[in-house]
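Subject: Structure handover

Hello,

Here is the structure I said I would pass on. My notes on it follow below.

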Amino acid sequence: MPAKIAIIGRPNVGKSTLFNRLVGKRLALVDDTPGVTRDRRAGDAKLGDLRFTILDTAGLEEADARTLEGRMRAQTEEAIAAADAVLFVIDARAGLTPSDSHFANMLRRTSTPVVLIANKAEGRSGEGGLYEAFSLGFGDPIAMSAEHGEGLADLYRVLLPIVDAADAADEAAASEKDAVAAGEIAVTDVDVVTEDEDEEPVDTGPAAGSSTRPLRVAVVGRPNAGKSTLINRFLGEERLLTGPEAGITRDSISVDWVWRDKHVKIFDTAGIRRKARVQEKLEKLSVADALRAIKFAEVVIVTLDATIPFEKQDLQIIDLVAREGRALVIAINKWDLIEDHAETMQRISDASERYLNQIRGVRIVTLSGLHGRGLDKLMDAAFQSYDMWNRRVSTSRLNRWLDGVLVHHPPPAVAGRRVKLRYMTQVKARPPHFVIFCSRPEVLPESYTRYLVNGLRERFEMPGTPIRLSYRKGDNPYAAKARKRKIQ
(Lines give C-alpha, C1' and ligand atoms only; values in the text may rest on other atoms or scores of the structure.)
Protein backbone atom coordinates (compact mmCIF):
# COMPACT_ATOMS: atom_id res chain seq x y z
CA MET A 1 0.00 0.00 0.00
CA PRO A 2 1.22 3.54 -0.70
CA ALA A 3 2.13 5.94 2.09
CA LYS A 4 -0.79 7.52 3.94
CA ILE A 5 -0.61 11.24 4.70
CA ALA A 6 -3.37 12.83 6.83
CA ILE A 7 -4.30 16.52 6.68
CA ILE A 8 -5.47 17.87 10.03
CA GLY A 9 -6.15 21.22 11.63
CA ARG A 10 -8.94 23.29 13.10
CA PRO A 11 -11.98 24.15 10.92
CA ASN A 12 -11.65 26.46 7.92
CA VAL A 13 -7.85 26.53 7.60
CA GLY A 14 -7.94 25.16 4.02
CA LYS A 15 -7.53 21.40 4.54
CA SER A 16 -9.98 20.40 1.80
CA THR A 17 -8.47 22.94 -0.61
CA LEU A 18 -5.05 21.35 -0.03
CA PHE A 19 -6.59 17.89 -0.48
CA ASN A 20 -8.10 18.90 -3.83
CA ARG A 21 -4.80 20.45 -4.90
CA LEU A 22 -2.88 17.22 -4.21
CA VAL A 23 -5.38 14.87 -5.88
CA GLY A 24 -5.75 17.23 -8.84
CA LYS A 25 -9.58 17.22 -8.70
CA ARG A 26 -12.33 18.98 -6.80
CA LEU A 27 -13.30 15.87 -4.87
CA ALA A 28 -13.88 17.47 -1.48
CA LEU A 29 -16.50 20.17 -0.96
CA VAL A 30 -14.99 23.58 -0.24
CA ASP A 31 -16.90 26.49 1.28
CA ASP A 32 -16.21 29.44 3.56
CA THR A 33 -18.48 27.87 6.19
CA PRO A 34 -16.41 26.21 8.95
CA GLY A 35 -16.87 22.48 9.45
CA VAL A 36 -17.81 21.51 5.88
CA THR A 37 -15.82 18.26 6.06
CA ARG A 38 -17.13 15.71 8.56
CA ASP A 39 -15.98 12.26 7.42
CA ARG A 40 -12.42 11.42 6.53
CA ARG A 41 -11.91 11.08 2.79
CA ALA A 42 -9.08 9.28 1.00
CA GLY A 43 -7.66 10.28 -2.38
CA ASP A 44 -4.77 9.32 -4.68
CA ALA A 45 -2.29 12.19 -4.43
CA LYS A 46 0.40 13.17 -6.93
CA LEU A 47 3.22 15.55 -6.06
CA GLY A 48 5.95 15.50 -8.69
CA ASP A 49 6.96 11.84 -8.94
CA LEU A 50 5.58 11.04 -5.48
CA ARG A 51 2.45 8.89 -5.23
CA PHE A 52 0.67 8.49 -1.92
CA THR A 53 -2.76 8.33 -0.30
CA ILE A 54 -3.96 11.63 1.14
CA LEU A 55 -6.61 11.74 3.88
CA ASP A 56 -8.85 14.78 4.31
CA THR A 57 -10.30 15.05 7.82
CA ALA A 58 -12.82 17.03 9.82
CA GLY A 59 -11.65 20.14 11.63
CA LEU A 60 -10.32 19.41 15.10
CA GLU A 61 -12.55 20.83 17.82
CA GLU A 62 -12.76 20.33 21.58
CA ALA A 63 -16.10 18.63 22.24
CA ASP A 64 -17.80 15.92 24.23
CA ALA A 65 -17.41 12.48 22.60
CA ARG A 66 -21.20 12.03 22.49
CA THR A 67 -21.78 15.13 20.35
CA LEU A 68 -21.48 15.34 16.58
CA GLU A 69 -18.28 17.39 16.89
CA GLY A 70 -16.87 14.81 19.30
CA ARG A 71 -17.57 11.98 16.86
CA MET A 72 -15.96 14.03 14.08
CA ARG A 73 -12.84 14.43 16.21
CA ALA A 74 -12.75 10.67 16.84
CA GLN A 75 -12.71 10.12 13.05
CA THR A 76 -9.77 12.50 12.74
CA GLU A 77 -7.86 10.76 15.54
CA GLU A 78 -8.29 7.43 13.73
CA ALA A 79 -6.84 9.00 10.58
CA ILE A 80 -3.81 10.24 12.57
CA ALA A 81 -3.22 6.77 14.01
CA ALA A 82 -3.35 5.14 10.55
CA ALA A 83 -1.13 7.72 8.79
CA ASP A 84 2.59 7.57 8.03
CA ALA A 85 2.76 11.35 8.49
CA VAL A 86 0.48 14.26 9.37
CA LEU A 87 0.19 17.62 7.63
CA PHE A 88 -0.79 19.97 10.47
CA VAL A 89 -2.37 23.01 8.78
CA ILE A 90 -2.80 26.43 10.36
CA ASP A 91 -4.16 29.66 8.90
CA ALA A 92 -1.21 32.06 8.46
CA ARG A 93 -3.50 35.07 7.99
CA ALA A 94 -5.36 34.43 11.25
CA GLY A 95 -2.19 33.54 13.16
CA LEU A 96 -1.97 30.98 15.95
CA THR A 97 -5.13 30.41 17.97
CA PRO A 98 -5.62 28.61 21.29
CA SER A 99 -7.12 25.70 19.33
CA ASP A 100 -3.96 25.39 17.23
CA SER A 101 -1.82 25.27 20.38
CA HIS A 102 -4.12 22.74 22.03
CA PHE A 103 -4.04 20.34 19.11
CA ALA A 104 -0.30 20.81 18.70
CA ASN A 105 0.05 19.47 22.24
CA MET A 106 -2.09 16.48 21.24
CA LEU A 107 0.12 15.77 18.22
CA ARG A 108 3.27 15.84 20.35
CA ARG A 109 1.95 12.81 22.21
CA THR A 110 1.70 10.73 19.01
CA SER A 111 4.53 8.89 17.28
CA THR A 112 3.35 9.98 13.82
CA PRO A 113 5.73 12.45 12.10
CA VAL A 114 4.23 15.94 11.84
CA VAL A 115 4.77 18.42 8.99
CA LEU A 116 3.65 21.94 9.88
CA ILE A 117 1.99 23.94 7.08
CA ALA A 118 1.17 27.63 7.31
CA ASN A 119 -1.58 27.90 4.70
CA LYS A 120 -2.96 31.08 3.15
CA ALA A 121 0.54 32.58 3.36
CA GLU A 122 0.38 34.43 0.06
CA GLY A 123 1.13 38.14 0.35
CA ARG A 124 2.22 40.09 3.42
CA SER A 125 -0.93 39.30 5.41
CA GLY A 126 0.38 35.82 6.20
CA GLU A 127 3.89 36.77 7.38
CA GLY A 128 2.93 37.23 11.04
CA GLY A 129 1.24 33.86 11.31
CA LEU A 130 4.15 32.17 9.54
CA TYR A 131 6.62 33.44 12.11
CA GLU A 132 4.31 32.53 14.97
CA ALA A 133 4.19 28.95 13.70
CA PHE A 134 7.84 28.43 14.70
CA SER A 135 6.76 28.51 18.35
CA LEU A 136 4.81 25.24 17.97
CA GLY A 137 8.06 23.28 17.96
CA PHE A 138 7.51 21.21 14.78
CA GLY A 139 10.49 22.61 12.93
CA ASP A 140 10.35 25.05 10.04
CA PRO A 141 6.79 25.58 8.84
CA ILE A 142 6.09 25.35 5.11
CA ALA A 143 4.58 28.55 3.76
CA MET A 144 1.83 27.55 1.36
CA SER A 145 -1.17 28.76 -0.54
CA ALA A 146 -3.22 25.65 -1.35
CA GLU A 147 -5.64 27.76 -3.34
CA HIS A 148 -2.93 29.14 -5.65
CA GLY A 149 -0.55 26.14 -5.60
CA GLU A 150 2.33 27.96 -3.87
CA GLY A 151 4.80 26.08 -1.66
CA LEU A 152 4.35 22.63 -3.27
CA ALA A 153 8.08 22.31 -4.03
CA ASP A 154 8.92 22.73 -0.31
CA LEU A 155 6.22 20.17 0.58
CA TYR A 156 7.76 17.74 -1.93
CA ARG A 157 11.19 17.97 -0.28
CA VAL A 158 9.73 17.23 3.15
CA LEU A 159 7.51 14.35 2.03
CA LEU A 160 10.10 12.65 -0.19
CA PRO A 161 11.92 10.67 2.57
CA ILE A 162 8.61 9.82 4.29
CA VAL A 163 7.01 8.39 1.14
CA ASP A 164 10.23 6.57 0.13
CA ALA A 165 10.45 4.91 3.55
CA ALA A 166 6.82 3.79 3.40
CA ASP A 167 7.28 2.43 -0.14
CA ALA A 168 10.41 0.52 0.88
CA ALA A 169 8.62 -1.03 3.85
CA ASP A 170 5.72 -2.00 1.61
CA GLU A 171 8.02 -3.65 -0.95
CA ALA A 172 9.80 -5.60 1.80
CA ALA A 173 6.49 -6.84 3.18
CA ALA A 174 5.31 -7.86 -0.30
CA SER A 175 8.55 -9.76 -0.99
CA GLU A 176 8.22 -11.64 2.28
CA LYS A 177 4.61 -12.52 1.48
CA ASP A 178 5.57 -13.78 -2.00
CA ALA A 179 8.32 -15.92 -0.52
CA VAL A 180 5.88 -17.53 1.91
CA ALA A 181 3.26 -18.07 -0.80
CA ALA A 182 5.78 -19.69 -3.16
CA GLY A 183 5.84 -22.84 -1.06
CA GLU A 184 2.09 -23.05 -0.62
CA ILE A 185 0.83 -23.37 -4.23
CA ALA A 186 -1.41 -26.39 -4.66
CA VAL A 187 -2.65 -27.99 -7.86
CA THR A 188 -6.43 -28.21 -7.99
CA ASP A 189 -8.76 -30.14 -10.26
CA VAL A 190 -10.25 -28.25 -13.18
CA ASP A 191 -13.99 -28.57 -13.77
CA VAL A 192 -15.11 -28.46 -17.39
CA VAL A 193 -18.46 -26.75 -17.88
CA THR A 194 -20.32 -27.14 -21.16
CA GLU A 195 -23.00 -24.76 -22.41
CA ASP A 196 -26.48 -25.79 -23.41
CA GLU A 197 -26.28 -25.82 -27.20
CA ASP A 198 -30.04 -25.46 -27.61
CA GLU A 199 -30.10 -21.94 -26.19
CA GLU A 200 -27.84 -19.18 -27.44
CA PRO A 201 -25.86 -17.79 -24.49
CA VAL A 202 -26.52 -14.26 -23.30
CA ASP A 203 -23.53 -11.99 -22.94
CA THR A 204 -23.62 -10.36 -19.51
CA GLY A 205 -20.66 -8.08 -20.14
CA PRO A 206 -17.50 -7.65 -18.08
CA ALA A 207 -17.31 -9.31 -14.70
CA ALA A 208 -17.80 -6.92 -11.81
CA GLY A 209 -15.66 -6.89 -8.72
CA SER A 210 -12.53 -8.37 -10.32
CA SER A 211 -9.14 -7.58 -8.92
CA THR A 212 -8.53 -5.02 -11.68
CA ARG A 213 -11.82 -3.15 -11.63
CA PRO A 214 -14.05 -2.80 -8.58
CA LEU A 215 -17.82 -2.54 -8.89
CA ARG A 216 -18.88 1.07 -8.26
CA VAL A 217 -21.92 1.19 -5.96
CA ALA A 218 -23.58 4.43 -4.79
CA VAL A 219 -25.86 4.39 -1.73
CA VAL A 220 -28.42 7.19 -1.97
CA GLY A 221 -31.68 8.21 -0.33
CA ARG A 222 -33.40 10.82 1.78
CA PRO A 223 -31.65 12.23 4.89
CA ASN A 224 -31.57 9.91 7.90
CA ALA A 225 -32.48 6.77 5.94
CA GLY A 226 -29.48 4.96 7.46
CA LYS A 227 -27.06 5.06 4.52
CA SER A 228 -23.86 5.61 6.52
CA THR A 229 -24.90 3.08 9.17
CA LEU A 230 -25.48 0.52 6.42
CA ILE A 231 -22.02 1.06 4.91
CA ASN A 232 -20.35 0.89 8.31
CA ARG A 233 -22.03 -2.49 8.88
CA PHE A 234 -20.71 -3.68 5.51
CA LEU A 235 -17.17 -2.63 6.45
CA GLY A 236 -17.36 -3.96 10.01
CA GLU A 237 -16.07 -0.68 11.47
CA GLU A 238 -17.25 2.85 12.25
CA ARG A 239 -15.64 4.23 9.13
CA LEU A 240 -18.34 6.83 8.41
CA LEU A 241 -19.82 9.35 10.78
CA THR A 242 -23.29 8.40 12.01
CA GLY A 243 -25.78 9.64 14.58
CA PRO A 244 -29.40 10.60 15.17
CA GLU A 245 -28.93 13.99 13.51
CA ALA A 246 -30.29 14.23 9.95
CA GLY A 247 -27.92 15.36 7.19
CA ILE A 248 -24.60 14.37 8.81
CA THR A 249 -23.02 13.27 5.52
CA ARG A 250 -22.06 16.13 3.22
CA ASP A 251 -19.38 14.82 0.84
CA SER A 252 -19.73 11.70 -1.27
CA ILE A 253 -17.22 9.44 0.46
CA SER A 254 -15.81 6.43 -1.43
CA VAL A 255 -14.58 3.37 0.45
CA ASP A 256 -12.87 0.29 -1.02
CA TRP A 257 -14.22 -3.01 0.25
CA VAL A 258 -14.07 -6.74 -0.56
CA TRP A 259 -17.23 -8.87 -0.44
CA ARG A 260 -16.83 -12.60 -1.11
CA ASP A 261 -13.55 -12.01 -2.94
CA LYS A 262 -15.18 -9.35 -5.12
CA HIS A 263 -13.84 -5.81 -5.01
CA VAL A 264 -16.35 -3.02 -4.47
CA LYS A 265 -15.93 0.76 -4.33
CA ILE A 266 -18.93 1.95 -2.34
CA PHE A 267 -19.98 5.61 -2.19
CA ASP A 268 -21.79 7.14 0.75
CA THR A 269 -23.76 10.23 -0.26
CA ALA A 270 -25.57 13.12 1.35
CA GLY A 271 -29.31 12.81 1.85
CA ILE A 272 -31.31 14.24 -1.06
CA ARG A 273 -34.27 16.42 -0.06
CA ARG A 274 -36.87 18.02 -2.28
CA LYS A 275 -35.41 20.85 -4.35
CA ALA A 276 -37.78 23.40 -2.81
CA ARG A 277 -36.41 22.64 0.66
CA VAL A 278 -32.76 23.00 -0.30
CA GLN A 279 -31.89 26.62 0.40
CA GLU A 280 -28.37 26.77 1.82
CA LYS A 281 -25.43 26.85 -0.56
CA LEU A 282 -23.64 24.06 1.32
CA GLU A 283 -26.59 21.68 1.04
CA LYS A 284 -26.86 22.47 -2.67
CA LEU A 285 -23.20 21.48 -3.05
CA SER A 286 -23.82 18.26 -1.09
CA VAL A 287 -26.82 17.30 -3.21
CA ALA A 288 -24.89 18.07 -6.42
CA ASP A 289 -22.10 15.79 -5.15
CA ALA A 290 -24.63 13.00 -4.51
CA LEU A 291 -26.10 13.41 -8.01
CA ARG A 292 -22.62 13.19 -9.49
CA ALA A 293 -22.03 9.95 -7.57
CA ILE A 294 -25.17 8.50 -9.19
CA LYS A 295 -23.91 9.41 -12.67
CA PHE A 296 -20.56 7.71 -12.15
CA ALA A 297 -21.90 4.63 -10.34
CA GLU A 298 -22.69 1.31 -11.99
CA VAL A 299 -25.17 0.13 -9.35
CA VAL A 300 -27.24 2.49 -7.21
CA ILE A 301 -28.79 1.31 -3.94
CA VAL A 302 -31.72 3.56 -3.08
CA THR A 303 -32.21 3.34 0.67
CA LEU A 304 -35.74 3.80 2.03
CA ASP A 305 -36.88 4.08 5.64
CA ALA A 306 -39.13 1.06 6.34
CA THR A 307 -41.32 3.15 8.66
CA ILE A 308 -42.16 5.64 5.85
CA PRO A 309 -41.28 3.98 2.51
CA PHE A 310 -42.05 5.36 -0.93
CA GLU A 311 -42.42 8.98 0.05
CA LYS A 312 -42.66 11.40 -2.86
CA GLN A 313 -38.95 12.20 -2.61
CA ASP A 314 -38.08 8.48 -2.63
CA LEU A 315 -39.96 8.09 -5.91
CA GLN A 316 -38.21 11.11 -7.41
CA ILE A 317 -34.80 9.66 -6.49
CA ILE A 318 -35.73 6.28 -8.00
CA ASP A 319 -36.96 8.02 -11.16
CA LEU A 320 -33.69 9.99 -11.37
CA VAL A 321 -31.64 6.78 -11.13
CA ALA A 322 -33.77 5.14 -13.84
CA ARG A 323 -33.41 8.17 -16.14
CA GLU A 324 -29.64 8.10 -15.64
CA GLY A 325 -29.76 4.45 -16.70
CA ARG A 326 -28.02 2.98 -13.66
CA ALA A 327 -28.56 -0.57 -12.38
CA LEU A 328 -30.91 -0.23 -9.41
CA VAL A 329 -31.66 -2.00 -6.12
CA ILE A 330 -34.09 -0.73 -3.49
CA ALA A 331 -33.06 -1.32 0.13
CA ILE A 332 -35.82 -1.10 2.75
CA ASN A 333 -33.74 -0.20 5.82
CA LYS A 334 -34.71 -0.19 9.52
CA TRP A 335 -36.72 -3.40 9.04
CA ASP A 336 -36.09 -4.15 12.73
CA LEU A 337 -38.52 -1.33 13.62
CA ILE A 338 -41.43 -3.01 11.81
CA GLU A 339 -43.79 -5.15 13.92
CA ASP A 340 -46.03 -6.70 11.25
CA HIS A 341 -43.62 -7.74 8.49
CA ALA A 342 -46.22 -9.45 6.29
CA GLU A 343 -48.58 -6.47 6.21
CA THR A 344 -45.77 -3.99 5.60
CA MET A 345 -44.28 -6.13 2.83
CA GLN A 346 -47.66 -6.28 1.13
CA ARG A 347 -47.95 -2.48 1.23
CA ILE A 348 -44.44 -2.18 -0.24
CA SER A 349 -45.27 -4.63 -3.04
CA ASP A 350 -48.48 -2.77 -3.84
CA ALA A 351 -46.63 0.55 -3.89
CA SER A 352 -43.92 -0.80 -6.21
CA GLU A 353 -46.54 -2.14 -8.62
CA ARG A 354 -48.32 1.22 -8.59
CA TYR A 355 -45.36 3.60 -8.76
CA LEU A 356 -42.46 1.77 -10.45
CA ASN A 357 -43.82 0.87 -13.88
CA GLN A 358 -40.74 2.24 -15.63
CA ILE A 359 -38.50 -0.34 -13.85
CA ARG A 360 -40.96 -3.16 -13.30
CA GLY A 361 -39.51 -6.06 -11.33
CA VAL A 362 -36.79 -4.07 -9.55
CA ARG A 363 -35.20 -6.00 -6.68
CA ILE A 364 -36.44 -4.90 -3.24
CA VAL A 365 -34.45 -6.12 -0.22
CA THR A 366 -35.48 -5.66 3.42
CA LEU A 367 -32.65 -5.26 5.90
CA SER A 368 -31.42 -3.70 9.11
CA GLY A 369 -28.20 -1.75 8.71
CA LEU A 370 -28.03 -1.26 12.48
CA HIS A 371 -28.09 -4.99 13.26
CA GLY A 372 -26.46 -6.25 10.06
CA ARG A 373 -29.39 -8.33 8.81
CA GLY A 374 -29.99 -8.86 5.09
CA LEU A 375 -26.66 -7.42 3.94
CA ASP A 376 -25.63 -10.46 1.90
CA LYS A 377 -29.02 -10.48 0.17
CA LEU A 378 -28.51 -6.83 -0.72
CA MET A 379 -25.08 -7.41 -2.27
CA ASP A 380 -26.34 -10.48 -4.14
CA ALA A 381 -29.09 -8.29 -5.60
CA ALA A 382 -26.54 -5.59 -6.51
CA PHE A 383 -24.34 -8.00 -8.48
CA GLN A 384 -27.35 -9.59 -10.18
CA SER A 385 -28.61 -6.15 -11.19
CA TYR A 386 -25.17 -5.35 -12.57
CA ASP A 387 -25.19 -8.52 -14.67
CA MET A 388 -28.60 -7.65 -16.13
CA TRP A 389 -27.45 -4.07 -16.75
CA ASN A 390 -24.60 -5.45 -18.90
CA ARG A 391 -26.79 -7.95 -20.74
CA ARG A 392 -26.52 -8.25 -24.52
CA VAL A 393 -29.00 -10.15 -26.66
CA SER A 394 -28.13 -11.41 -30.13
CA THR A 395 -29.84 -9.87 -33.13
CA SER A 396 -31.30 -13.21 -34.23
CA ARG A 397 -33.04 -13.77 -30.89
CA LEU A 398 -34.38 -10.22 -30.86
CA ASN A 399 -35.91 -10.53 -34.30
CA ARG A 400 -37.44 -13.93 -33.56
CA TRP A 401 -39.05 -12.33 -30.52
CA LEU A 402 -40.18 -9.29 -32.54
CA ASP A 403 -41.79 -11.55 -35.19
CA GLY A 404 -43.82 -13.25 -32.48
CA VAL A 405 -44.90 -9.91 -31.01
CA LEU A 406 -46.07 -8.62 -34.39
CA VAL A 407 -48.19 -11.74 -34.90
CA HIS A 408 -49.93 -11.57 -31.53
CA HIS A 409 -49.99 -7.83 -30.89
CA PRO A 410 -49.12 -5.67 -33.93
CA PRO A 411 -48.85 -1.88 -33.54
CA PRO A 412 -52.14 -0.02 -33.95
CA ALA A 413 -53.06 1.48 -37.30
CA VAL A 414 -52.82 5.28 -37.48
CA ALA A 415 -55.06 7.09 -39.99
CA GLY A 416 -55.90 3.72 -41.50
CA ARG A 417 -52.25 2.80 -42.15
CA ARG A 418 -50.21 0.19 -40.32
CA VAL A 419 -46.79 1.01 -38.87
CA LYS A 420 -44.31 -1.60 -40.12
CA LEU A 421 -41.64 -2.75 -37.65
CA ARG A 422 -39.00 -4.26 -39.91
CA TYR A 423 -35.89 -5.04 -37.90
CA MET A 424 -34.47 -4.87 -34.37
CA THR A 425 -30.97 -4.86 -32.88
CA GLN A 426 -29.19 -3.97 -29.63
CA VAL A 427 -26.79 -1.07 -30.06
CA LYS A 428 -25.29 -0.96 -26.56
CA ALA A 429 -25.48 -2.20 -22.99
CA ARG A 430 -25.06 -0.46 -19.61
CA PRO A 431 -28.09 -0.04 -19.77
CA PRO A 432 -29.45 -2.22 -22.60
CA HIS A 433 -30.42 -0.03 -25.56
CA PHE A 434 -32.41 -1.44 -28.49
CA VAL A 435 -33.25 0.11 -31.86
CA ILE A 436 -36.19 -0.83 -34.11
CA PHE A 437 -36.23 0.18 -37.79
CA CYS A 438 -39.77 1.01 -38.82
CA SER A 439 -41.83 2.93 -41.37
CA ARG A 440 -43.40 5.75 -39.32
CA PRO A 441 -41.82 5.97 -35.85
CA GLU A 442 -43.29 9.40 -35.12
CA VAL A 443 -46.86 8.06 -34.96
CA LEU A 444 -46.21 5.07 -32.67
CA PRO A 445 -48.07 5.60 -29.37
CA GLU A 446 -46.11 5.66 -26.12
CA SER A 447 -48.27 2.82 -24.78
CA TYR A 448 -46.97 0.47 -27.49
CA THR A 449 -43.36 1.37 -26.64
CA ARG A 450 -44.05 0.51 -23.00
CA TYR A 451 -45.57 -2.78 -24.14
CA LEU A 452 -42.40 -3.63 -26.09
CA VAL A 453 -40.09 -2.62 -23.23
CA ASN A 454 -42.00 -4.75 -20.74
CA GLY A 455 -41.94 -7.63 -23.22
CA LEU A 456 -38.16 -7.32 -23.60
CA ARG A 457 -37.74 -7.19 -19.86
CA GLU A 458 -39.82 -10.34 -19.36
CA ARG A 459 -38.56 -12.42 -22.29
CA PHE A 460 -34.85 -11.75 -21.81
CA GLU A 461 -34.88 -11.72 -18.00
CA MET A 462 -34.01 -8.11 -17.24
CA PRO A 463 -36.36 -7.25 -14.35
CA GLY A 464 -35.81 -3.85 -12.79
CA THR A 465 -33.27 -2.82 -15.43
CA PRO A 466 -33.66 0.53 -17.19
CA ILE A 467 -34.20 -0.30 -20.88
CA ARG A 468 -33.79 2.16 -23.72
CA LEU A 469 -35.87 1.62 -26.87
CA SER A 470 -35.67 3.97 -29.83
CA TYR A 471 -36.86 3.91 -33.44
CA ARG A 472 -35.23 4.72 -36.74
CA LYS A 473 -37.01 5.32 -39.99
CA GLY A 474 -35.82 3.19 -42.85
CA ASP A 475 -35.42 -0.31 -44.17
CA ASN A 476 -33.55 -3.20 -42.64
CA PRO A 477 -29.88 -2.12 -42.99
CA TYR A 478 -28.85 -5.76 -43.42
CA ALA A 479 -31.44 -6.62 -46.07
CA ALA A 480 -29.10 -5.80 -49.00
CA LYS A 481 -26.36 -8.03 -47.54
CA ALA A 482 -28.87 -10.85 -47.08
CA ARG A 483 -30.03 -10.55 -50.71
CA LYS A 484 -26.43 -10.56 -51.90
CA ARG A 485 -25.69 -13.75 -50.00
CA LYS A 486 -28.75 -15.43 -51.54
CA ILE A 487 -27.64 -14.48 -55.05
CA GLN A 488 -24.18 -15.88 -54.45
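Which strands does helix α8 lie across, and at about what angle does it run to β10? Before the reply, please keep in mind that this is a predicted model.

Helix α8, residues 312-324, lies across β7, β10 and β11, the last of these being residues 327-333. Its direction is at about 175° to that of β10. A second helix, α10 (residues 375-389), also packs on the sheet, where it touches β7, β8, β9 (262-268), β10, β11 and β12. The angle between the directions of α10 and β11 is about 165°.

The sheet in question is open and has 6 strands, in the order β8-β9-β7-β10-β11-β12, and its pairing is mixed. At its edges are β8 (253-259) and β12 (363-366), each of which pairs on one side only. From one strand to the next the twist averages 25°. Within the sheet, β7 (residues 215-221) and β10 (residues 299-305) are parallel and share 5 bridges. Gly221 stands opposite Thr303 of β10.

Next, the largest pocket. Its volume is about 1100 Å³, and 32 residues line it. Nearest its centre are Ala42, Gly43, Ser254, Asp256 and Lys265. Two or more lining residues come from each of β2 (41-47), β3 (50-56), α2 (68-82), β8, β9 and α7 (281-296). Strands β8 and β9 therefore appear both in the order of the open sheet and among the elements lining this pocket, with strands taken as DSSP runs. By residue class, the lining has 14 nonpolar, 4 polar and 14 charged residues.

There is also a hairpin, made of β13 and β14 with 4 residues between them. Strand β13 covers residues 421-428 and β14 covers residues 433-438; they run antiparallel and are joined by 6 bridges. One of the bridge pairs is Leu421 with Cys438 of β14. In the turn, Arg430 has a positive phi of about 60°.

Some totals for the protein chain. It contains 13 helices and 15 strands. Of its 488 residues, 48% count as buried. Taking contacts between residues at least 6 apart in sequence, 71% join residues that are at least 24 apart.

Regards

Key
Residues are numbered from 1 along each chain as its sequence is written. This is a predicted model: local features need pLDDT of at least 70, side-chain atom pairs count only at pLDDT 80 or more; totals for chains, interfaces and linings use all residues. Side-chain values use heavy atoms; hydrogens and water are left out. Two strands pair if DSSP finds at least two bridges between them. Axes are lines fitted to C-alpha atoms, for helices over the stretch in contact, and angles run from 0 to 180 degrees between N-to-C directions. Contact means heavy atoms within 4.5 Å. On a 1 Å grid over the protein atoms alone, a cavity is a set of points where a 1.4 Å probe fits but cannot get out, and a pocket is an open set with protein on both sides within 12 Å along at least five of seven lines; lining residues have an atom within 4 Å of a point. Grid points are joined across faces, edges and corners, and a volume is the space filled by probe spheres set on the points. Ala, Val, Leu, Ile, Met, Phe, Trp, Tyr, Cys and Pro count as nonpolar, Asp, Glu, Lys and Arg as charged, and the others, Gly among them, as polar. Buried means under 20% relative accessible area, exposed over 50%, partly exposed in between (1.4 Å probe, protein chains only).
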